[in-house]
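Subject: Structure handover

Hello,

Please find the structure below, with the sequence. My notes on it follow.

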2 protein chains.
Amino acid sequence: MSSKPKEERLDPRVKRTRSLILQAFDDLLAQKEFETITVQDVTDKAGVNRATFYAHFADKYALLDAFISQKFRQEIEKRTLNACHYTPENLKNLIIAVCEFLSKMHSGCVQPHQQFESLAEGTIKNILFELLSLWLKQTGTKISTDIPATVATWAIYGLASHYAHLKKRPPLEKFVDEALPLVAVNLEQFA
Amino acid sequence: MSSKPKEERLDPRVKRTRSLILQAFDDLLAQKEFETITVQDVTDKAGVNRATFYAHFADKYALLDAFISQKFRQEIEKRTLNACHYTPENLKNLIIAVCEFLSKMHSGCVQPHQQFESLAEGTIKNILFELLSLWLKQTGTKISTDIPATVATWAIYGLASHYAHLKKRPPLEKFVDEALPLVAVNLEQFA
DNA sequence: TGACATTCGTTGCTTACACAACAGATGTTG
DNA sequence: CAACATCTGTTGTGTAAGCAACGAATGTCA
């Protein structure tokens with residue numbers, strides 16, 4: 001395999017700046033609502049010029065997108081689900097990961113805003129679809145993976161969203177054991 | 001008073017880079033001896049280019065100098081001795097600060113190197129002299145402060161060095177109470 | 001001794017960032 | 001309504017940092 005400089009060998013200044021901005025945004029989210037955070041707030045805390053912010057993100061919504069994306073990918077990588085293939089066991093862990101992530105988001109934020117949530121939904125579903133497509137393609141199947149991956153993506157996100165919104169959440173294990181077969185049945189052909 | 005941009009309003013990039021280098025050096029000192037640390041080691045850990053290092057420090061000895069200077073100044077500021085005037089009480093606290101700083105240096109470093117120590121001595125005495133001169137001048141005296149400040153500087157450093165090298169160090173309070181009058185007598189006219 | 005490897009300190013060139021200033025949008029307040 | 005303030009997104013220009021390459025000094029090993 002040749003070199004894959006998709007994100008690895010990046011100018012140190014770029015990595016540093018992005019990291020500073022994301023960290024500052026993380027800190028600010030812990031103490032203010034997303035709506036009330038200005039670009040200036042972020043860049044001040046990051047120690048970065050405001051103009052530099054716009055060299056990295058289109059606006060603060062793009063930042064939120066990158067933020068959620070980063071956090072969710074970390075959750076995936078923590079469970080080593082990023083470099084594996086489809087099995088019912090991995091699928092179960094993936095569902096657990098999404099449930100926990102959304103649950104954390106709901107308890108972490110001061111208020112669950114609609115704008116915030118719908119943006120997160122798109123971001124997370126994109127990553128889910130990308131990951132599931134990878135899993136299915138690695139089975140070496142000749143069948144198109146788009147349809148099954150799409151169905152599974154929406155199902156998983158829907159389950160996790162439902163779980164996170166429950167007033168009294170049941171034990172996660174129990175919830176997932178019950179839901180898993182309904183998702184797995186669509187992917188049986190890849191097992 | 002007009003603006004005093006001696007170190008405050010510095011280009012954020014400069015502050016950032018210096019901070020990264022100093023922090024990396026601090027980390028490295030905790031696990032390697034000063035002699036075995038290369039400039040490359042520092043810049044690698046700091047995530048900074050080697051050429052950039054030389055834009056900030058002449059060599060690794062200049063870095064060591066800046067490092068000790070920073071640490072010592074922090075020790076001074078922690079005790080709010082940086083913005084006050086001469087009193088026997090403040091003098092006592094200053095002596096305590098130097099004693100503790102040198103003691104920490106001796107136990108913190110893997111080995112107390114001669115090169116390391118003599119460089120530290122010059123650095124610390126410069127800061128001491130600068131601080132004492134400020135204290136004495138704030139009394140509004142018309143007498144030249146250079147001689148008294150010099151004597152006090154050398155005396156304080158000598159005391160602290162002596163204390164730090166003791167095999168069995170007595171309680172610091174006791175040591176300083178005994179030594180204080182000998183230094184204070186030279187500064188009585190400013191009390 | 002000579003061949004090889006590190007580390008150093010410096011250089012020319014490119015790229016990312018800082019900064020000030022701008023016009024436009026939005027939102028107070030009297 | 002006008003006057004004011006704040007935030008946005010963009011631009012031109014100066015400067016710091018990245019990078020590759022260099023010669024020189026030092027050290028290591030055969």
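I start with a helix in chain B. In α8(B), the residues Val176(B), Ala179(B) and Val183(B) are buried. In an α-helix with 3.6 residues a turn, residues three or four places apart point the same way. Helix α8 of chain B covers residues 172-184, which makes 13 residues. From first C-alpha to last, α8(B) reaches 17 Å, close to the 18 Å expected at 1.5 Å a residue. There is nevertheless a kink of about 30 degrees in α8(B), placed at Glu178(B). The proline Pro181(B) follows shortly after that kink.

Bear in mind that this is a predicted model. For chain A the mean pLDDT is 91, and 92% of the residues in chain A reach 70 or more. Residues 1-7 of chain A are another matter: pLDDT stays under 50 there, and the model has zero contacts for them beyond four places in sequence. Where pLDDT is low, the predicted coordinates should not be read in detail.

Next, the overall build of chain A. Chain A contains eight helices and zero strands, so read from the N terminus the order of elements is α-α-α-α-α-α-α-α. Along the principal axes, the C-alpha atoms of chain A fill a box of roughly 50 × 50 × 25 Å. Chain A has 191 residues, of which 24% count as buried. Among the contacts in chain A with a separation of 6 or more, 67% are between residues 24 or more positions apart.

Now the DNA. Around DNA strand C there are 19 residues, and the nearest are Thr17(A), Asn49(A), Ala51(A), Thr52(A) and Thr38(B). Two or more residues of that surface come from each of α1 and α3 of chain A and α1, α2 (39-46) and α3 of chain B. By type, the surface near DNA strand C divides into eight nonpolar, five polar and six charged residues.

DNA strand D is surrounded by 19 residues, with Arg13(B), Thr17(B), Asn49(B), Ala51(B) and Thr52(B) the closest. Here chain A supplies at least two residues from each of α1 (12-29), α2 (39-46) and α3 (50-56), while chain B does so from α1 (12-29) and α3 (50-56). The residues near DNA strand D comprise eight nonpolar, five polar and six charged.

Which residues of chain A would I leave out of any detailed reading? Residues 1-7, where pLDDT stays under 50.

Regards

Note on methods
Residues are numbered from 1 along each chain as its sequence is written. Chains are lettered from A and ligands numbered from 1 in the order in which they are written. This is a predicted model: local features need pLDDT of at least 70, side-chain atom pairs count only at pLDDT 80 or more; totals for chains, interfaces and linings use all residues. A residue is near a molecule or strand if its C-beta atom, placed from the backbone, lies within 6 Å of it. Helices (H or I, at least four residues) and strands (E, at least two) are DSSP runs, numbered from the N terminus. Ala, Val, Leu, Ile, Met, Phe, Trp, Tyr, Cys and Pro count as nonpolar, Asp, Glu, Lys and Arg as charged, and the others, Gly among them, as polar. pLDDT is the predictor's confidence in each residue, from 0 to 100. Two residues are in contact if their C-beta atoms, placed from the backbone, lie within 7 Å. The expected span of a helix is 1.5 Å times one less than its number of residues. The bend at a residue is the angle between axes fitted to the seven residues ending there and the seven starting there. A residue is buried if 20 or more other C-beta atoms lie within 10 Å of its own, exposed if 12 or fewer, and partly exposed in between; C-beta atoms are placed from the backbone.
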